[in-house]
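Trainee: I have this model open on my screen and would love some help reading it. Could you start with the overall picture and then zoom in on one part?

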Amino acid sequence: MKERPSFPARLDSTLAKNRPSAGGGIAPSAPRLVPIAKAPVIAPMVAKSKPVPKAIPVPQGLGMDSVAVRQRMVQKLAGQGVTDPLVLTAMGTIERHRFVDSALVNQAYEDTSLPIGLGQTISKPGVVSRMIELMRNGATGRMGRVLEIGTGCGYQAAVLSCVATEVYSIERLKGLHDKARDNLRHLRLPNLHLLFGDGMVGYAQGGPYAGIISAAGGDALPQAWIDQLAVGGRLVAPMVHSGGQALLVVDKTPQGLRQSILEAVHFVPLKSGVA
């Protein structure tokens with residue numbers, strides 16, 4: 001599982017002009033959009049006209065064909081109960097081996113978490129697909145704007161970009177934010193925006209969100225997330241429950257919040273601030 005979330009610190013001025021700001025969290029600082037190309041320039045990730053390659057083989061000598069292995073992974077996910085066609089297509093499209101260290105590339109399509117540096121891991125494909133399917137809640141076609149708490153190496157953000165119209169992804173660890181930016185550069189995704197900062201305060205300028213998904217769990221949901229979730233939207237996050245962690249699903253209805261506790265999971269603790 002992707003086990004270290006991350007979180008924003010200073011907002012991009014262009015987006016700030018168009019949407020209201022919000023505060024909250026512990027020692028919050030405004031999120032900052034950082035471009036894929038150059039970190040020092042503050043701007044959202046923008047696509048160029050260059051087409052995305054359909055299938056780029058894994059490094060030679062590893063004895064695996066990326067496309068075939070991804071399809072076997074998708075078949076296993078379907079066997080585990082994932083039924084959302086858009087999620088399955090996204091899992092079969094995004095090349096997970098591009099988001100792990102070269103020494104681990106031959107394990108990229110196994111249903112296991114793998115280290116990505118800084119003591120963090122990339123989540124299991126089964127967990128990624130399960131949480132995204134829960135967040136989509138039966139949507140047909142792409143859902144609206146999504147907020148991801150914890151970019152990690154960027155894999156889940158890339159998958160989300162295939163199932164949502166726009167994705168804002170926040171990472172609190174600068175080293176991982178930079179790694180995700182590098183990992184995602186070749187995809188040139190125009191609807192994916194990477195932010196560095198404190199995810200506990202969310203990103204009000206991108207909201208309200210049709211979905212919010214978190215890769216870290218705490219004792220309680222940050223109020224900023226609830227505030228930024230659209231009416232009719234759904235939030236999926238690990239939460240401390242009965243001495244462990246379980247998946248929490250929150251639906252924001254006109255009548256209020258509706259919560260469901262699902263299966264046990266294991267994610268890193270939700271933290272504030274940046275590092």
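What percentage of the contacts in the chain with a separation of 6 or more comes from residues 24 or more positions apart? After that, please take a close look at strand β9 (residues 229-241) and its surroundings.

Mentor: Happy to! Keep in mind that this is a predicted model. Residues 24 or more positions apart account for 63% of the contacts in the chain with a separation of 6 or more. The chain has 7 helices and 12 strands, and 55% of its 275 residues count as buried. Its accessible surface is about 11600 Å², with 55% of that belonging to carbon and sulfur atoms.

Now to your strand. β9 pairs with two other strands, and it helps to take them in turn. Strand β7 (residues 209-214) runs parallel to β9, and 4 bridges join the two. One pair to find on your screen is Ile212 with its bridge partner in β9, Leu235. With strand β10 (residues 244-253), β9 pairs in the antiparallel sense, over 8 bridges. Here you can look for His241, whose bridge partner in β10 is Gly244.

β9 and β10 form a hairpin with 2 residues between them. Have a look at Ser242, in the loop between these strands. Ser242 has a positive phi of about 55° although it is not a glycine. Most residues other than glycine have a negative phi, and most peptide bonds are trans. Ser242 counts as exposed because its relative accessible area of 72% is over 50%.

There is a second example of this backbone feature. Leu118, in the loop between β2 and β3, also has a positive phi of about 55° without being a glycine. Leu118 counts as exposed too, because its relative accessibility of 55% is over 50%. While you are checking the backbone, find the cis peptide bond that joins Gly207 and Pro208, where omega is about 0°. Pro208 is in the loop between β6 and β7.

Next, the packing. The largest nonpolar core has 50 residues, and Met91, Phe99 and Tyr155 have the most contacts inside it. Helix α4 (residues 125-136) supplies the largest share of this core, 6 residues. Tyr155 is a good residue to click on: leaving out residues up to four places away in sequence, Tyr155 touches Met73, Met91, Ile94, Arg96, Phe99, Ile122 and Val128. A second, separate core brings us back to your strand: this core has 20 residues, among them Ile149, Tyr168, Trp225 and Leu235. So Leu235 turns up twice, as the bridge partner of Ile212 and as part of that second core.

Helix α6 (residues 174-184) is worth a stop as well. Its buried residues are Leu176, His177, Asp178, Ala180, Arg181, Asn183 and Leu184. They pack against the strands β2 (114-117), β3 (120-122), β5 (164-171) and β6 (192-196), as well as helix α5 (155-161).

Finally, a word on confidence. The pLDDT averages 83 over the chain, and 76% of the residues score at least 70. Residues 1-29 have a pLDDT below 50, with 134 contacts in the model beyond near neighbours in sequence. Residues 34-63 are also below 50, and that stretch has 48 such contacts. Where pLDDT is low, the predicted coordinates should not be read in detail.

Terms used:
Residues numbered from 1 in each chain as written. Predicted model: local features only at pLDDT ≥ 70, side-chain atom pairs only at ≥ 80, totals over all residues. Heavy atoms only, no water. Core = buried A, V, L, I, M, F, W, Y, C linked by side-chain atoms within 4.5 Å. Buried < 20%, exposed > 50% of the residue type's maximum accessible area, 1.4 Å probe, protein only. Contact = heavy atoms within 4.5 Å. Areas by Shrake-Rupley, 256 points an atom, 1.4 Å probe, with all protein chains shown as cover. Pairing = 2+ DSSP bridges. pLDDT = per-residue confidence, 0-100.
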